[in-house]
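Reader: I am new to this structure and would love a close look at one part of it. Could you walk me through the place where the two protein chains come together, and then on to the DNA?

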2 protein chains.
Amino acid sequence: MSIPDPSWGTHAHTVLEEAGHRRGGARDEVIDLLASQACALSAQDIETALRAQGRAVGRASIYRALDVLVEYGLIKRLEVGRAEACYEPANPGGHHHHHVVCEVCGELAAFDDRELEAAIARLGARLGMHIDDHDVLLRGTCRECAGRVPTATPPQHLHQH
Amino acid sequence: MSIPDPSWGTHAHTVLEEAGHRRGGARDEVIDLLASQACALSAQDIETALRAQGRAVGRASIYRALDVLVEYGLIKRLEVGRAEACYEPANPGGHHHHHVVCEVCGELAAFDDRELEAAIARLGARLGMHIDDHDVLLRGTCRECAGRVPTATPPQHLHQH
DNA sequence: TCTAATAATGGGACTCAGTCTCGGAAACAG
DNA sequence: CTGTTTCCGAGACTGAGTCCCATTATTAGA
């Protein structure tokens, strides 16, 4: 449940500029949208949101922007078991979190846990290979859904919150 | 790393039969192939392998079979950051493992770790929601790749081992 | 054994996320 | 201002996965 970090957008612009990237309208729109968002967005969400704001951006440009941002570690790509990938700003400080997805309503929530991080760090050392990154995804039933539908059949299509 | 469990195929057939599923050729082929396989397979791999054995099965039937198997918890679906999902037999005893994927060559390896499982179990309790399942994916560089290409640019297309 | 009911199959059209291409527009250096 | 280079957008394309439906196979029950 990361509160959107207002400085992330600036930071992202700076990093790209220092890396010699020119400043183009499309990428800026994507960065600004991500900076204002608390939750992970899919490429599709981004396209829709920008179009709704009257700032339509070509699909290719959105994917290009996301690729560059991932490359510089400015955003993180999430696979949440849905068809599309989601993207969310990465905290410059290296502090990161993981996600729980509700199997009933598709609600995506974030959490962080030092014990889990510590366990993974130790594990990496034990495996004897260098671990750059890791993902943890928990699947369960959120409290609202647990109360609402005790034994419902899980829906095939989850909706993003 | 998992040695294929010869009894898994029988177990899968039994579970489906007891659940009232009729026995059709296509699903049996998929189950038998998965039972003989040590590593996770994509739907595409399954289609290719069956065709190569002269036991071609319609694509729709493969996906149907996989859906049913996932539904009964007989196989596990893996998202490994690639385009396609992979599937592997789930151990009936509930014992499971996670994966490390090499960012250079795409090699997929399995590991299990009691400490990690314990940390996740405690975490679930702390979050106050019921957790059915979890995935952990580590990304890093395997030993061969670490020795071979110290600072190569990671390839865009990973190949399944 | 025969039959009816119903589940499973397969081919192929379809969907949809993501990629590629290429001509044109914008940004920066000089 | 001008040339170079990067960036952009539209749309064609790819490929995984889904859907549909006529046909085939399985199984229970007569």
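**Around the rotation axis**

Author: Of the residues of chain A, V136(A) comes closest to the rotation axis, with its C-alpha at 2.3 Å. That is a good place to start, and please keep in mind that this is a predicted model. A rotation of 180 degrees, with 0.0 Å of shift along its axis, lays chain A on chain B with an RMSD of 0.1 Å. The two copies are thus related as by a two-fold rotation axis. The contact between them fits this picture: 100% of the interface residues of chain A are also interface residues in chain B, so the copies meet through the same surface.

Now look at the strands. An open sheet of six strands runs through both chains in the order β5(A)-β4(A)-β6(A)-β6(B)-β4(B)-β5(B), and its pairing is mixed. At the edges you will find β5 (108–111) of chain A and β5 (108–111) of chain B, each of which pairs on one side only. Ignoring direction, neighbouring strands of this sheet are turned by 25 degrees against each other on average.

Within chain A, you can follow one pairing in detail. Strand β4 (residues 98–102) of chain A and strand β6 (residues 130–141) of chain A run in the parallel sense, joined over four bridges. To find one residue pair here, pick out V101(A), whose bridge partner in β6(A) is R139(A).

Next come the helices that pack on these strands. Helix α5 (residues 114–127) of chain A lies across β4, β5 and β6 of chain A together with β4 (98–102), β5 and β6 (130–141) of chain B, and runs at about 135 degrees to β6(A). Helix α5 (residues 114–127) of chain B also packs on the sheet, touching β4, β5 and β6 of chain A together with β4, β5 and β6 of chain B, and its direction makes about 135 degrees with that of β6(B).

From here we can move to the DNA, beginning with strand C. There are 20 residues around DNA strand C, and Y63(A), R22(B), A26(B), R27(B) and R64(B) come nearest. Sugar and phosphate account for 62% of the atoms of this DNA strand that come within 4 Å of the protein. The bases are reached too: a polar side-chain atom of R64(B) lies 2.7 Å from a base nitrogen of DNA strand C. On the backbone of the DNA, a phosphate oxygen of strand C is 3.2 Å from a polar backbone atom of G58(B), while a sugar or linking oxygen of strand C is 3.4 Å from an N or O atom in the side chain of Q44(A). Both protein chains take part, with α3 (43–52) and α4 (59–71) of chain A and α2 (25–35) and α4 (59–71) of chain B each giving two or more residues to the surface near DNA strand C.

Finally, turn to DNA strand D. Here 21 residues surround the strand, the closest being R22(A), S61(A), R64(A), R22(B) and Y63(B). An N or O atom in the side chain of R22(B) is 2.8 Å from a base oxygen of DNA strand D. Phosphate oxygens of strand D are approached by H21(A), through a side-chain N or O atom at 3.1 Å, and by G24(A), through a backbone N or O atom at 3.4 Å. Helix α4(A) gives the most to the surface near DNA strand D, with four residues. By type, the residues of that surface divide into seven nonpolar, six polar and eight charged.

Key. Residues are numbered from 1 along each chain as its sequence is written. Chains are lettered from A and ligands numbered from 1 in the order in which they are written. This is a predicted model: local features need pLDDT of at least 70, side-chain atom pairs count only at pLDDT 80 or more; totals for chains, interfaces and linings use all residues. Side-chain values use heavy atoms; hydrogens and water are left out. Two strands pair if DSSP finds at least two bridges between them. Axes are lines fitted to C-alpha atoms, for helices over the stretch in contact, and angles run from 0 to 180 degrees between N-to-C directions. Contact means heavy atoms within 4.5 Å. Copies are superposed by least squares on the C-alpha atoms of residues with pLDDT of at least 70 in both. A residue is near a molecule or strand if one of its heavy atoms lies within 4 Å of it. A polar contact is a pair of N or O atoms within 3.5 Å; within protein, one must be able to donate a hydrogen and the other to accept it, and residues adjacent in sequence count only if both atoms are side-chain atoms. Ala, Val, Leu, Ile, Met, Phe, Trp, Tyr, Cys and Pro count as nonpolar, Asp, Glu, Lys and Arg as charged, and the others, Gly among them, as polar.
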